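Reader: I'm in my first year and still learning to read structures like this one. Could you take me closely through one part of it, and then follow the links outward from there?

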Amino acid sequence: DKGKSKKREAKIGKAKKEHEKETEAIRKADAPLQSRITALHSQATSSNTQLINIELQIVAVQTQYNATREQSYRNLLAIELNRLGLLEGATQADLLNVSRQINGVQQQRSELAVRQQRADGELAAKVGRVVDELKGIA
């Protein structure tokens, strides 16, 4: 029956439109997450570079400290080592914070991927039911 067939085709069309709406909503939700994760990765790269530079400075000052016998100069170098150590700790804390933020954003993106898979599965199931109904007509 052509009327029932058109009705079922309309059901498929409706299911596809619903799927497209859900897919678009997921894309819109993911776009700022993609931007955020890119920014966080840039921040992590910058902090890593800063940490490497601090560690190189620590090695250089430690070498100077070990090579110097003059006490007043050693005192200045010890102060510099303390300063660099604090800076190193703060940078490591920043990296840990950025890492946690990256993990949070990745979790949100994973949830969106699951939502997309669910939407894809629901569309396939709806279309499958309509196809099965059409086979019953033929």
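Author: Happy to! Let's start at Leu 112. Leaving out residues up to four places away in sequence, Leu 112 touches Ile 26, Ala 29, Asp 30 and Leu 33. Please keep in mind that this is a predicted model.

Two of those partners, Ile 26 and Leu 33, turn up again with Leu 112 in the largest nonpolar core. That core has eleven residues, and the others are Ile 37, Leu 40, Ala 44, Leu 51, Leu 95, Val 98, Ile 102, Val 105 and Leu 112's companions just mentioned. Which elements give two or more residues to this core? They are H1 and H2, and H1 gives the most, with six residues. Apart from this core lies another one, of six residues, including Ile 54, Val 61, Leu 77 and Leu 81.

Now let's turn to the charged side chains. How many salt bridges does the structure hold? There are five, and we can visit some of them. In one, Glu 18 pairs with Lys 126, and their closest N and O atoms are 2.9 Å apart. Glu 18 lies in helix H1, which covers residues 2-67, while Lys 126 lies in helix H2, so this pair ties together parts that are 108 residues apart in sequence. Are these two side chains buried or exposed? Glu 18 counts as partly exposed because its relative accessibility is 35%, and Lys 126 is also partly exposed, with a relative accessible area of 30%.

Glu 22 and Arg 115 meet in a salt bridge as well, at 2.5 Å from N to O. Here Glu 22 lies in helix H1 and Arg 115 in helix H2, so the pair ties together parts that are 93 residues apart in sequence. Glu 22 is partly exposed at 26% relative accessibility, and Arg 115 is partly exposed with a relative accessible area of 29%.

The salt bridge of Arg 27 and Glu 24, at 3.1 Å from N to O, sits within one helix. Both residues lie in helix H1, three residues apart, which is about one turn of the helix. Arg 27 has 52% relative accessibility, so Arg 27 counts as exposed, whereas Glu 24, at 33%, counts as partly exposed.

Not every charged residue has such a partner. Glu 88, in helix H2 (residues 71-137), is buried yet has no salt bridge. Where is the nearest side chain of opposite charge? That is Arg 83, 12 Å away. What does Glu 88 contact, apart from neighbours within four places in sequence? The answer is Leu 51, Ile 54, Glu 55 and Ile 58. Two of these names are already familiar: Leu 51 belongs to the largest nonpolar core, and Ile 54 belongs to the other core.

Let's finish on the outside. Tyr 73, Leu 76 and Ile 79 form a nonpolar patch on the surface, with about 310 Å² of accessible area together. Tyr 73 lies in helix H2 and counts as partly exposed because its relative accessibility is 34%. Helix H2 is also the place of Glu 122, which is partly exposed with a relative accessible area of 43%. The C-alpha atoms of Glu 122 and Gln 64 are separated by 68 Å, although these residues are 58 apart along the chain.

Note on methods:
Residues numbered from 1 in each chain as written. Predicted model: local features only at pLDDT ≥ 70, side-chain atom pairs only at ≥ 80, totals over all residues. Heavy atoms only, no water. Helix = DSSP H or I, 4+ residues; strand = E, 2+ residues; numbered from the N terminus. Buried < 20%, exposed > 50% of the residue type's maximum accessible area, 1.4 Å probe, protein only. Lys, Arg positive; Asp, Glu negative; His and termini not counted. Salt bridge = Lys/Arg side-chain N within 4 Å of Asp/Glu carboxyl O. Contact = heavy atoms within 4.5 Å. Patch = residues over 30% accessible without salt bridge, like charges linked within 9 Å, V, L, I, M, F, W, Y side chains within 5 Å. Areas by Shrake-Rupley, 256 points an atom, 1.4 Å probe, with all protein chains shown as cover. Core = buried A, V, L, I, M, F, W, Y, C linked by side-chain atoms within 4.5 Å.
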